[in-house]
Amino acid sequence: MTVHYPFHEKQYLGRDYNFISIRLVMAVFCLAAYYVTENRDRNGDLLLLVGCGILLLSVVMLFMLHYRTVVNNKSVILDGLWTTRLVKIDLNSITKVEKVPYSKYFLNNPVYNLHRNGTIKFYAGGKDAVKLTDRDGLVYIIGTQKQSELYNAIVEAQAS
């Protein structure tokens, strides 16, 4: 039996284009250095092994779920990797919902439930986010690939 949610999104750890390109450049460098190395005894084999390892790790990370976002029953549920705790944000306590850019920086590290200066951040990739402010002044910033859909789902869930 499938359950339909007003909003459901999965964020994957290895699908951010900036970090894919960085890993690809490192792998190409290792493989090119292996090809250029004249005496391929120990160092050449190590370069080949590291280059192939980076490529294999990159492929595995493409399918590794970082967190999923679900809007259901007047709450936003964020469920992360294996050992992370489920975060449930009650929409009855949310006073303000905004569409914002996630960060002004070009490269951002993936985070889950990062508490810093009264702000809790969730991010895997992309440039957009939805900012939620609750009654106590606590701010949640949820990075998303589908900013308008998440925003609309939260506003509709609050209204119902």
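**Salt bridges, aromatic pairs and core packing in a predicted model**

The structure, a predicted model, holds two salt bridges.

Q: Which residue forms a salt bridge with Arg-68?
A: Arg-68 lies in strand S2, and its partner lies in strand S3, eleven residues apart, so that the pair links distant parts of the chain. Arg-68 counts as partly exposed because its relative accessibility is 25%, and the partner is partly exposed too, with a relative accessible area of 25%. The nitrogen-to-oxygen distance is 3.8 Å, and the residue that meets Arg-68 is Asp-79.

Q: What is the N to O distance in the salt bridge of Lys-96 and Glu-98?
A: Lys-96 has a relative accessible area of 44% and is therefore partly exposed. Glu-98, at 25% relative accessibility, also counts as partly exposed. Their side chains meet in a salt bridge, with an N to O distance of 3.7 Å.

Q: Is the pair formed by the rings of Tyr-67 and Tyr-112 stacked, edge-to-face or tilted?
A: A search of the whole structure finds four aromatic pairs. In the pair of Tyr-67 and Tyr-112, the ring centres are 6.1 Å apart and the planes are at 45 degrees. Planes under 30 degrees apart would count as stacked and those over 60 as edge-to-face. The angle of 45 degrees meets neither condition, so the pair is tilted.

Q: Which residues form one aromatic cluster with Tyr-112?
A: Tyr-112 in strand S6 pairs with a residue of strand S2, 45 residues apart. Tyr-112 also pairs with a residue of strand S7, ten residues apart; in this second pair the ring centres are 5.3 Å apart and the planes are at 75 degrees, so the arrangement is edge-to-face. Tyr-112 is buried, as are both partners. The residues that complete the cluster are Tyr-67 and Phe-122.

Q: Which element supplies the largest share of the largest nonpolar core?
A: The core has 22 residues, and those that touch the most other members are Leu-78, Ile-89, Phe-122, Leu-132, Ile-142 and Ile-154. Strands S2, S3, S4, S5, S7, S8 and S9 and helix H3 each supply at least two residues. The largest share, four residues, comes from H3.

Q: Within what arc do the buried residues of H3 fall?
A: The buried residues of H3 are Gln-147, Leu-150, Ala-153, Ile-154 and Ala-157, whereas Glu-156 and Ala-159 are exposed on the other side. An α-helix has 3.6 residues a turn, so residues three or four places apart point the same way. The buried residues of H3 line one face of the helix because, seen down its axis, they fall within an arc of 140 degrees.

Q: Against which strands do the buried residues of H3 pack?
A: One of these buried residues, Ile-154, is in contact with Val-71, Val-76, Leu-91, Val-97, Val-130 and Leu-132, leaving aside neighbours within four places in sequence. Taken together, the buried residues of H3 pack against S1, S2, S3, S5, S8 and S9.

Q: Is Ile-141 buried, partly exposed or exposed?
A: Ile-141 has its place in strand S9. Not counting residues up to four places away in sequence, its contacts include Tyr-102, Ile-120, Phe-122 and Ala-129. Its C-alpha atom is separated by 9.5 Å from that of Glu-98, 43 residues apart along the chain. The relative accessibility of Ile-141 is 12%, which is under the 20% limit, so the residue counts as buried.

Note on methods:
Residues numbered from 1 in each chain as written. Predicted model: local features only at pLDDT ≥ 70, side-chain atom pairs only at ≥ 80, totals over all residues. Heavy atoms only, no water. Core = buried A, V, L, I, M, F, W, Y, C linked by side-chain atoms within 4.5 Å. Buried < 20%, exposed > 50% of the residue type's maximum accessible area, 1.4 Å probe, protein only. Contact = heavy atoms within 4.5 Å. Phe/Tyr/Trp six-rings, centres within 6.5 Å; stacked < 30°, edge-to-face > 60°. Arc of directions from axis to C-beta. Salt bridge = Lys/Arg side-chain N within 4 Å of Asp/Glu carboxyl O.
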